[in-house]
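Let's take a friendly walk through this model together. Have your viewer open and follow along.

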Amino acid sequence: MTVNPKLKGKRILMVDDEVDVLDTLQEYLEGCVLFRATTFEEAKNLLESESLDLVILDIMGVDGYRLLDIATRKGIPAVMLTAHAFSPDNLMKSIQRGALSYIPKEKLSEIEGFLVDVLEARERNENPWAAWQQRLPETYFEKRWGKAWKDVDKSFWETFKASLEKKGK
C-alpha cells in the first residue's frame with residue numbers, strides 16, 4: 001500500500017482502546033510516523049511530549065473529548081474516529097470542541113482521504129468540514145439517524161451549514 005504524498009512522514013498519534021483498530025490504522029497509514037496509545041494517560045503524555053502533525057481520537061474508552069481539548073489547545077489538528085459514540089450529539093460536540101473531522105469506524109478504510117482533506121483544508125485556510133461533508137453527504141446520516149436528525153438543534157446545524165459555504169475557517 002502506498003501512502004498519499006501529503007501524509008508521507010507525518011507524525012500522527014492514534015488513540016483507541018481497541019488494539020485491533022490501531023493495527024488497522026497502522027496498515028492504512030503506512031509511510032507515516034505513527035504513535036499509538038490505548039489509554040488517556042498514554043495519549044496525554046504523547047500529546048505533551050511529541051511534536052505531532054495530527055491526532056486520531058476515539059471518543060469512548062479513552063476520554064477522547066478531554067484529549068481533543070488538549071490537542072486543540074496545542075494547535076494539533078484532531079479528528080474523531082468512533083463507532084459506539086456515533087450520534088448527532090457527538091458529531092455536534094466534536095465540531096464545537098474543535099475536531100476537524102468525525103469519522104465512523106465503518107469508514108476506517110477511507111481514513112487516508114479524510115486526513116488528507118483536513119491537511120489540505122488547513123493549508124488553504126479553508127473549513128475542513130466542507131470536504132468532510134462531501135465524503136459523508138447528508139444522505140449518509142439520514143440513513144443512519146433518520147431524516148429529522150438535525151431537528152433537535154436546528155440553529156446549530158443552520159449555522160454549521162452556513163459556515164461551510166464561507167471561505168476560510
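**From a buried serine to a helix pair**

Keep in mind as you look that this is a predicted model. A good place to begin is Ser94: leaving aside neighbours within four places in sequence, Ser94 is in contact with Ile59, Tyr65, Leu68, Met80, Ala99 and Tyr102. Ser94 itself sits in helix 4. Is this serine buried or exposed? Its relative accessibility is 0%, so Ser94 counts as buried, the cut-off for that label being under 20%.

Two of those partners, Tyr65 and Leu68, lead us to helix 3, which spans residues 64-74. Tyr65 and Leu68 are among the buried residues of helix 3, together with Gly64, Leu67, Ile70 and Ala71. What do these buried residues pack against? Their partners are strand 1 (11-15), helix 2 (40-49), strand 3 (54-58), strand 4 (78-82) and helix 4 (88-96). Just after helix 3 comes Gly75, with a positive phi of about 80 degrees.

Now move along the chain to a pair of helices. Two packed helices are described by the angle between their axes and the distance between the axes. For helix 5 (residues 111-123) and helix 6 (residues 128-135), the angle is about 150 degrees and the axes lie 8 Å apart. Helix 5 and helix 6 are therefore roughly antiparallel, since angles over 145 degrees count as such. Their crossing is right-handed. Helix 5 contributes Gly113, Phe114, Asp117, Val118 and Ala121 to the contact, while helix 6 brings Pro128, Ala131, Trp132 and Arg135. By character, the residues of this contact are six nonpolar, one polar and two charged.

Methods:
Residues numbered from 1 in each chain as written. Predicted model: local features only at pLDDT ≥ 70, side-chain atom pairs only at ≥ 80, totals over all residues. Heavy atoms only, no water. Buried < 20%, exposed > 50% of the residue type's maximum accessible area, 1.4 Å probe, protein only. Helix = DSSP H or I, 4+ residues; strand = E, 2+ residues; numbered from the N terminus. Contact = heavy atoms within 4.5 Å. Axes fitted to C-alpha atoms, helices over the stretch in contact; angles between N-to-C directions. Parallel < 35°, antiparallel > 145°, perpendicular 65-115°, else oblique. Left-handed = near helix turned anticlockwise from the far one by under 90°. Nonpolar A, V, L, I, M, F, W, Y, C, P; charged D, E, K, R; others polar.
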